[in-house]
Amino acid sequence: KVKASLKQETKGVFWVDSTILLYWIAANPSRWKPFVANRRYSISRIGHNGSMYLVKTIISRGMSPSELFRSELWWDGPKWLRHSNEWASSITAPDLRQACNVLVRMAQAETFAEEIKNVKKGQVKGSSKLEALAPILVADILCVGGRLQNAPVSKTRKHPIILDPNHPLTTLIMQSHHHQFKHPAPQLLISIVRERFWPLRARNLARRLVHNCVKCFRSKPTCMEQLMGDLPPERRSNVLWLVRGKPALIECDNAKNFRGAARVLKELYDLFKTQQAQEAITTQ
């Protein structure tokens, strides 16, 4: 399925540790029973242009400790494996980005088919859930429009890719960023993802992902509750006295209130002492 989706010729590399399996593959399928023959035929269709190697398990085949210590095959692997350019091509960052774009196009074709058609026509229906995002097409990918053309940020941040919250690809992208950036909290995870993607209902998706993360659940700290001190004698009385006049005792657990009140009263006192205030009071 992967090869059919890529629509290009690829070289297959198969890793096996069984001599019997190699014999099955090398022989004609007609020699084997239907179960083995059918799978032999499937393998030949996939990897007939590829190469097959036998990776031997040295320990299981018997070797003394001194021989194992000097075994170049055990410690360094086969020589052909050290020259990867001879059997497989390395995957570059552009390759990964291109593969991600292919997956995004496939996901958007499943979830935003109508919106893509409308954007190509130059309009988005008012009933669409993407209307507020002013969607545009960038390389056949549905992205957020907006007014950030002159902003000093990257193109992916100006026009992040729109993702449906219910599609499996969106969940995989969120999980990948969550693990890659060492399990950030929901708000930080959203900020990281939006550097390139714009998942709808991202807050709910991020909270659910972090909540279901086993590592985050285990490392979540428990909040300690501070024990309150004993109440003063004045607060242990059940009688409420309402007395008019100057209070005999004022208690407060926040000294900032007293300093703030003292500052306001001083400013008011200094205002009344000014000549302008005295004249205003005298004339009125």
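Helices and strands are taken here as DSSP runs, numbered from the N terminus, with at least four residues for a helix and at least two for a strand. In these terms, Gly122 comes just after α9 and takes a positive phi of about 95°. The model described here is a predicted one.

The protein comprises 16 helices and six strands. Of its 284 residues, 23% count as buried. The accessible surface of the protein amounts to about 23000 Å², and carbon and sulfur atoms account for 57% of that area. When contacts between residues at least 6 apart in sequence are considered, 51% of them join residues at least 24 apart.

Helix α9, which spans residues 113–121, has a buried side and a face turned away from it. Glu115, Ile116, Asn118 and Val119 are the buried residues of this helix. Because these residues cover an arc of only 165° around the axis, they lie on the same side of α9. An α-helix has 3.6 residues a turn, so residues three or four places apart point the same way. The face of α9 turned away from the buried side carries Lys117, Lys120 and Lys121, which are exposed. The cover over the buried residues of α9 includes α8 (93–111), together with the strands β3 (136–138) and β4 (141–143).

Leu130 belongs to the loop between α9 and β3. Its relative accessible area is 0%, and Leu130 is therefore buried. Between Leu130 and Glu115 the C-alpha separation is 7.8 Å, although the two are 15 residues apart in sequence. Beyond its neighbours within four places in sequence, Leu130 is in contact with Phe112, Glu115, Pro135, Leu142, Ile162 and Leu200. Glu115 thus recurs in this description, both as a contact of Leu130 and as a buried residue of α9.

His159 occupies the loop between α10 (155–158) and β5 (161–163). With a relative accessible area of 14%, His159 is buried, since the cut-off for burial is under 20%. The C-alpha atoms of His159 and Leu137 are separated by 9.6 Å, the two residues being 22 apart along the chain. Apart from residues up to four places away in sequence, His159 touches Ile136, Cys143, Val144, Gly145 and Gln149.

A second histidine, His178, is placed in helix α11. His178 counts as buried because its relative accessibility is 1%. When residues up to four places away in sequence are not counted, His178 touches His183, Pro184, Leu189, Leu209, Val210, Cys213 and Cys216. One of these contacts, His183, lies in the loop between α11 and α12. Phi of His183 is near 60°, a positive value in a residue other than glycine. Lys182 is also placed in the loop between α11 (168–180) and α12 (186–193), and has a positive phi of about 65° although it is not a glycine. Most residues other than glycine have a negative phi. Lys182 is exposed, with a relative accessible area of 69%.

A search of the whole structure finds one cavity of 30 Å³ or more. The space within the largest cavity is about 40 Å³. Its lining is formed by Ala107, Gln108, Thr111, Phe112, Leu163, Asp164, His167, Leu169 and Thr170. The elements that give two or more residues to this lining are α8 and α11. Helix α8 provides the largest share, three residues. By character, the lining residues divide into four nonpolar, four polar and one charged. Phe112 is part of the cavity lining and is also in contact with Leu130. Helix α8, in turn, contributes to the lining of the cavity and to the cover over the buried residues of α9.

Elsewhere in the structure, Ile43 is found in helix α3 (residues 34–47). Ile43 is partly exposed, with a relative accessible area of 26%; this value falls in the partly exposed class because buried means under 20% and exposed over 50%. The C-alpha atoms of Ile43 and Ile25 are separated by 7.9 Å, and the two residues are 18 apart along the chain.

Note on methods:
Residues numbered from 1 in each chain as written. Predicted model: local features only at pLDDT ≥ 70, side-chain atom pairs only at ≥ 80, totals over all residues. Heavy atoms only, no water. Buried < 20%, exposed > 50% of the residue type's maximum accessible area, 1.4 Å probe, protein only. Arc of directions from axis to C-beta. Contact = heavy atoms within 4.5 Å. 1 Å grid on protein atoms, 1.4 Å probe; cavity = no way out; pocket = protein on both sides within 12 Å on 5 of 7 lines; lining within 4 Å. Points joined across faces, edges and corners; volume = space filled by probe spheres on them. Nonpolar A, V, L, I, M, F, W, Y, C, P; charged D, E, K, R; others polar. Areas by Shrake-Rupley, 256 points an atom, 1.4 Å probe, with all protein chains shown as cover.
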